[in-house]
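Reader: I have a few "how do you know" questions about this one. Can we go through them together?

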Amino acid sequence: MRTRHPIAASLAVGGYVVMLVPILFVVVTAFTAGSTLRFPPDGFSLRWFEAALTYEPFTSSLLSSLMLAAISAVLALALGVPVALAVHRGALPGRSVVEGLFLSPLIVPELVVGLALYQQLMVGFGLDNFQTLLLGHTVLMFPYAVRVTGASLALIDPAVEDAARGLGASPGRTFLSVTLPLLRPGLFSAALLSFITSFNNVPLSLLLQSRDFRTLPVVMLDYVQQNYDPIVAAISVLILAGTVLVAVIAERTVGFARVFGGINR
Amino acid sequence: MRGRTALLVLPGLAILLVAFLIPSIAMLFSPPGISPGEVFARLGRMLTDPYDQAIVVRTLGLGLIVTVVCIGLGYPIAYLLSRSTSRWAGVLLALAIFPLLLSSVVRTFGWLVVLGSQGAIPQLLLTLGLVDSAPQLLYTPLAIVLGLTQIFLPLAVVASYSALAQVDAGLDEAARGLGANRTRTFWSVVVPLSGPGVVVAATLVFAGAVTAYTTPYLLGGSRQRMLSTQLYTYSSTTIDWAAASATALIMTVLVFAVSGLSSLAARRGATS
C-alpha cells in the first residue's frame, strides 16, 4: 500500500511485527525434527505434534479447559441475560449501580480474584477446585454477558415488544418469541467472547489447580518453566488452529470485528 | 413489576456477592487469622522496604513504558486503517484483533523462541559476527516490555480505532480544504477529537500491564520480579497471607486509581 503518512506507516509496520512475528516463529519451530527449541530448526517433521497429542497432561487438561469454558459460558449467560433485561427494560431502582457491580470483575485484577477465591472458598469454605473454578470463571464472564447482550438489547425497539404485549402475549411469550430471536447475535457474541476468555485464562485459574482438575494454559506454563523442547510449540500451533477456527465461525455469523473488537465495519 | 425485575437480578447478584465481592473484600482486609491492622502494618513496611519498593517501581515503570509504546504503535495503526479505503484495511484490522483471541501463553512463548539463547535473534547476531557469545535477552526489562507490548497492542488498536471511527473523515477534508496541511490536520483535528478514546485505550493497557502474570513470569522470571509474580510467590510458595493481601491491595488500588482518573478526565473532556 502506498501511503502519504511515512512516519505513521513505519510505526504501524513495527506494531504488526511485534504482534505477529513471534507467533510465526512458534509455528516454524513446531515442525522441527530436532529436540531443542533452536533457530533455525533442524529439519522438518511432525514428531512434536504426535508427542503433544499423546502427552496425557496436555490432552486431559485440554478437555478440562473446554468443559470449564463451555459450562461457565452457559452459566454466565443464564444468570447475566436476565440482569441485562432488568437493566434495559425493567423498572430497576439504581440500575447504573447494578450494572456497575456486574461490570466490576473487569476492573479487579484477576490474580487478586484468584487469590481471594482460593483463600476464602477453597481453603476457608472447603469447596473443591472445580466448583471454585466454575464460580470464578462465571463471575469473570458476567461483564460480557451483561454488557454485550445489553448493547444488543438497546438496539431493539421496545415498541416491537409493546406490540406483542398489546396483541395479548404474556411477558414470557413476548420474550421467547420476540426479544430472544432479535437478541440472538448479541447472545452468540457474548457466548464466543466468554468461551475464549475462559479457555485462555491464566491469572484467575492459576491458584485454583489440583491434581485432578487442571486447565491447559496453566499446564503449559508449568511445562515451559521446566522443559525446553518443541512440544509446547506443537500444542501452541494446535491452539492457534482452533483459535483461527473460532475467528472464522465469528466472521461467518455475526462478523469477526463486531464480536471481538466491538467494531461495526 | 418492580418485584419481578428484582427477581431477574437476584440469582446473578447472589453469585456475584458469594464468588467475587465478599471473598475479595475478606481477602484484602482480613485474611485467615490476620486482622486488618496487621495487613496495613505489613503494607506500610512494604512501601518503605527497598526490595519491595524496587518491585513497585519496576511494575509502575514498565507499565508506563508499555502504555506509551502501545499507544505510539497502536494509534498510527488505527489511524491508517480508519482512513484507508483499501480493501486490505479489513484484513489488516482483523490481523490486529486476532491476537486478542489467542492464548497469552502461546503469544509469550513466541518470545522464548525469538529471544532465548538458542533463539532467532541471538543466533542471528552470532551468525553475523556482531557478538562473540549469545547475548542474554530473556529475563531483562526489554523482554518484558516486548512481551507485554505484544499482548496489549491489539487492545490499543481496537480502542483507538473505535475512537477514530467516530471522528468524521469529512472534518479532515474540511481542514485540508481550509488550507491546513496533513500534519496540521492530524494534530489539530484528528488527535483532539479522538483524545478521550485514546485516554480509555491507555487506561486499559496500563491496568492490564501492571497486573499481567504470564508475561512477567515467563520473560522476567525471578530476576525481574513484578507485583503479580511477587503476589503469586506470597500466595503459593511462602504462604504469607499478610504480605499477599498487602501486595493485592497495592495492585487493586493502583488499577482503581488509574480507572478513576481516566473517567474523571473523560468527564472533563466531555464538558469543556
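Author: Sure, and keep in mind that this is a predicted model. Let's start with Phe31(A), which is partly exposed at a relative accessible area of 25%.

Reader: Why is Phe31(A) called partly exposed?

Author: Its relative accessible area is 25%. Buried means under 20% and exposed means over 50%, with partly exposed in between, so Phe31(A) at 25% gets the middle label.

Reader: And what makes Phe49(A) buried?

Author: Phe49(A) has a relative accessible area of 11%. The cut-off for buried is under 20%, so Phe49(A) counts as buried.

Reader: How many aromatic pairs are there over all chains?

Author: The count comes to 16 over all chains. One of them joins Phe31(A) and Phe49(A): the ring centres are 5.0 Å apart and the planes stand at 45 degrees.

Reader: Why is the pair of Phe31(A) and Phe49(A) called tilted?

Author: Two steps. Rings pair if their centres lie within 6.5 Å, and these centres are 5.0 Å apart. Planes under 30 degrees apart are stacked and those over 60 are edge-to-face; at 45 degrees the pair fits neither, so tilted it is.

Reader: Where do Phe31(A) and Phe49(A) sit in the chain?

Author: Phe31(A) is in the loop between α1 and α2 of chain A, while Phe49(A) is in helix α2. They are 18 residues apart, and the pair links distant parts of the chain.

Reader: Which residues do ring pairs link into a cluster in chain B?

Author: Tyr75(B), Tyr79(B), Phe186(B) and Trp187(B).

Reader: What is the pattern of chain A made of, helices or strands?

Author: Helices: there are twelve of them and zero strands. Buried residues make up 52% of its 265 residues. Of the contacts between residues at least 6 apart in sequence, 69% join residues at least 24 apart.

Reader: How do you know which parts of chain B are listed as "transmembrane region"?

Author: That comes from an unreviewed UniProt entry, which lists residues 60–81, 88–106, 138–161 and 241–266 of chain B. In the model, residues 60–81 are 100% helix, with end C-alpha atoms 31 Å apart. Residues 138–161 are 88% helix, and their end C-alpha atoms lie 32 Å apart.

Reader: What covers the buried residues of α6(B)?

Author: The buried ones are Ala120(B), Pro122(B) and Gln123(B). Their cover includes α1 of chain A together with α5 of chain B. Just after α6(B), Gly129(B) takes a positive phi of about 75 degrees.

Terms used:
Residues numbered from 1 in each chain as written. Chains lettered and ligands numbered in written order. Predicted model: local features only at pLDDT ≥ 70, side-chain atom pairs only at ≥ 80, totals over all residues. Heavy atoms only, no water. Helix = DSSP H or I, 4+ residues; strand = E, 2+ residues; numbered from the N terminus. Buried < 20%, exposed > 50% of the residue type's maximum accessible area, 1.4 Å probe, protein only. Contact = heavy atoms within 4.5 Å. UniProt positions renumbered as here; feature names shortened; annotations may be inferred. Phe/Tyr/Trp six-rings, centres within 6.5 Å; stacked < 30°, edge-to-face > 60°.
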